[in-house]
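Please open the model in your viewer, with the sequence panel beside it, and follow the stops below in order. Each stop says what to select and then what is to be found there.

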Amino acid sequence: MALRFSYVLHPFLLLLFSSSILAHNEEDPTIQIMEEFSGYPIHEPHSSSSSSLSSLSVDTESLQRQIDELSSFSDTPAPSVTRILYSEKDVLARRFIKNLMGLSGLSVREDAVGNIFGRWDGHEPELTAVATGSHIDAIPYSGKYDGVVGVLGAIEAINVLRRSGFKPKRSLEVILFTSEEPTRFGISCLGSRLLAGSETLANALKETVDGQNITFFDAARSAGYATDREDLSSVFLKKGSYSAFVELHIEQGPILEEEGISIGVVTAIAAPASIKVDFEGNGGHAGAVLMPHSRNDAGLAAAELALAVEKHVLESGSIDTVGTVGILELHPGAINSIPSKSHLEIDTRDIDETRRNNVIEKIHQSAMTIAKNRKVKLSEFKIVNQDPPALSDEPIIKAMEAASQELNLTHKLMISRAYHDSLFMARVSPMGMIFIPCYKEGKLVGTVSYI
Ligand SMILES: [Zn+2]
């Protein structure tokens, strides 16, 4: 089932028109700036006159064909997609995107980790550019729209503008972010984190290996990146590098589809954190070691901590606080053996950073108390990442709402509870996100990616 691109891309197009939405105007800043940027008259919402923008024609057939073709670069059979960072299929998919960028007249550059930028120079190229983009890597057995609509959709949006004879004032850039998914190296949004200037990550990557013990830099070099040295500071962008960044992405949830709404206007991206915990006990034979006092069962410590995570999250009193133990492993994993080691991975998120951090602190306290009471060792409590939330830029939100109204599309203000490259782009640029419904399509072809 194809997405109805003709309508979902239109607000996106309007936004690309809107460029620097930061300037101010007493009457209607959004519309004034859209007009100033585009050179087209933008009508008031619900205006009775027809809009020149709504007549812009998206080539839905070739866009769908491109999505289908890109999905064929996969390590698992169709309709699933598996495309892991720097794999052969990833390199081929990147080549496919660079080729499309070239055909759209964009000048293409890549940075040391393979973030790809396709630039359309505006007629005032010295002004900061407007950027849009997403990712094309795919977790095992993923769907074909996750991330991809934000890259191929952006290229088609530029094609539409070109076909209409439009020439932007500011330059437009389409960005393909490297490794939004954590599959290979356990780091989500690797490319955009680096663009946002994460020195911590740049240093950590020097020691990072994948499940096959291949170093990050060897993997990057095999794909043609990071060829010079292991200094990634060239990837960092300065704050203010773009006048606006907008990401088009599938909602990855049921709300838009269930409510029959076309466009989700993202107001904030929840603050994610992930924690790794290890408990160690003495183990022993399931029959020979008596209960309860002679045991120190690392498995039960993990089970107790999993319940504590749920308790602390619920205690926050907010529906926006969530916590999940998605990984729970027991060693040695035999039915007649008391677990001597347990490993948990905990994901917790909130739109309120302080509240989320309080939950992390409570989980830590519980882990220490459980270890003490059960006489097991808390051998690791590692906060893998603890990111702040991101708020969408208010003028971009207003522009998205105005664009939806202009095109008579229903829309809804939403919080993104999954995180995206936009979370990190918000550190270097005013940011906004557009969600589109694509829930069942994602489900039909296996899991959709939720990070
Ligand atoms: Zn995604």
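**The nonpolar core**

In this predicted model, begin by selecting V113, V151, I158, L305 and I434, which are the residues with the most contacts inside the largest nonpolar core, a set of 108 residues. Next colour helix α5, residues 148-163, which gives the most to this core, with 10 residues. If you then colour by domain, you will find that the core draws at least three residues from each of domain 1 (59-270 + 389-436) and domain 2 (272-386). In soluble globular proteins, nonpolar side chains tend to be buried together.

Now centre the view on V151 and show its surroundings: leaving aside residues up to four places away in sequence, V151 touches I97, G133, S134, I136, V174 and L176.

**The whole chain**

Zoom out to the cartoon of the protein chain, whose secondary structure comes to 14 helices and 15 strands. Of its 451 residues, 48% count as buried. Among contacts in the chain with a separation of 6 or more, 77% are between residues 24 or more positions apart.

**Helices α3 and α5**

Keep α5 in view and add helix α3, residues 60-71; the two axes come within 10 Å and cross at roughly 140°. An angle over 145 degrees would count as roughly antiparallel, and α3 and α5 are therefore oblique to each other. The crossing in which α3 passes α5 is right-handed. To see where the helices meet, select L63, Q66, I67 and L70 in α3 together with V148, L152 and E156 in α5.

**Helices α10 and α11**

Move on to helix α10 (residues 298-315) and helix α11 (residues 353-374), whose axes come within 9 Å and cross at roughly 150°. Because of that angle, α10 is roughly antiparallel to α11. Here too the crossing is right-handed, with α10 passing α11. On the α10 side of the contact, select L300, A301, E304, L305, A308, V309, H312 and V313, and on the α11 side select V359, K362, I363, S366, A367, I370, A371 and R374.

Is E304, in this contact, buried, exposed or partly exposed? E304, which lies in helix α10, is partly exposed, because 18 other C-beta atoms lie within 10 Å, whereas a buried residue would need 20 or more. Drawing a distance from E304 to A367 should give 8.8 Å, C-alpha to C-alpha, for two residues that are 63 apart in sequence.

**The loop that holds C189**

Select C189, which is placed in the loop between β6 (172-177) and α6 (190-195). C189 is buried, since 29 other C-beta atoms lie within 10 Å. Its contacts, not counting residues up to four places away in sequence, are with E180, D421, L423 and F424. A second distance to draw runs from C189 to Y419, which are 230 residues apart in sequence and 8.8 Å apart in space, C-alpha to C-alpha.

**Backbone details**

The last stops concern backbone angles, and one general point helps in reading them: most residues other than glycine have a negative phi, and most peptide bonds are trans.

Where are the cis peptide bonds that this tour visits? One joins A78 and P79, with omega about 5°, and P79 lies in the loop between α3 and β1 (81-83). Another runs from H331 to P332, with omega near 5°, and for P332 the place to look is the loop between β10 (322-331) and β11 (341-350).

Then select K375, which is not a glycine and yet has a positive phi of about 55°. K375 is in the loop between α11 and β12 (377-386), and it is partly exposed, with 13 other C-beta atoms within 10 Å.

Finish at N408, a residue other than glycine whose phi is also positive, near 55°. N408 belongs to the loop between α12 (394-406) and β14 (411-416). With 12 other C-beta atoms within 10 Å, N408 is exposed, because residues with 12 or fewer such neighbours count as exposed.

Key. Residues are numbered from 1 along each chain as its sequence is written. This is a predicted model: local features need pLDDT of at least 70, side-chain atom pairs count only at pLDDT 80 or more; totals for chains, interfaces and linings use all residues. A nonpolar core is a set of buried Ala, Val, Leu, Ile, Met, Phe, Trp, Tyr and Cys residues joined through C-beta atoms within 7 Å. Helices (H or I, at least four residues) and strands (E, at least two) are DSSP runs, numbered from the N terminus. Domain bounds come from an automatic or database domain assignment. Two residues are in contact if their C-beta atoms, placed from the backbone, lie within 7 Å. Axes are lines fitted to C-alpha atoms, for helices over the stretch in contact, and angles run from 0 to 180 degrees between N-to-C directions. Angles under 35 degrees count as roughly parallel, over 145 as roughly antiparallel, 65 to 115 as roughly perpendicular and the rest as oblique. A crossing is left-handed if the near helix is turned anticlockwise from the far one by less than a right angle, and right-handed if clockwise.
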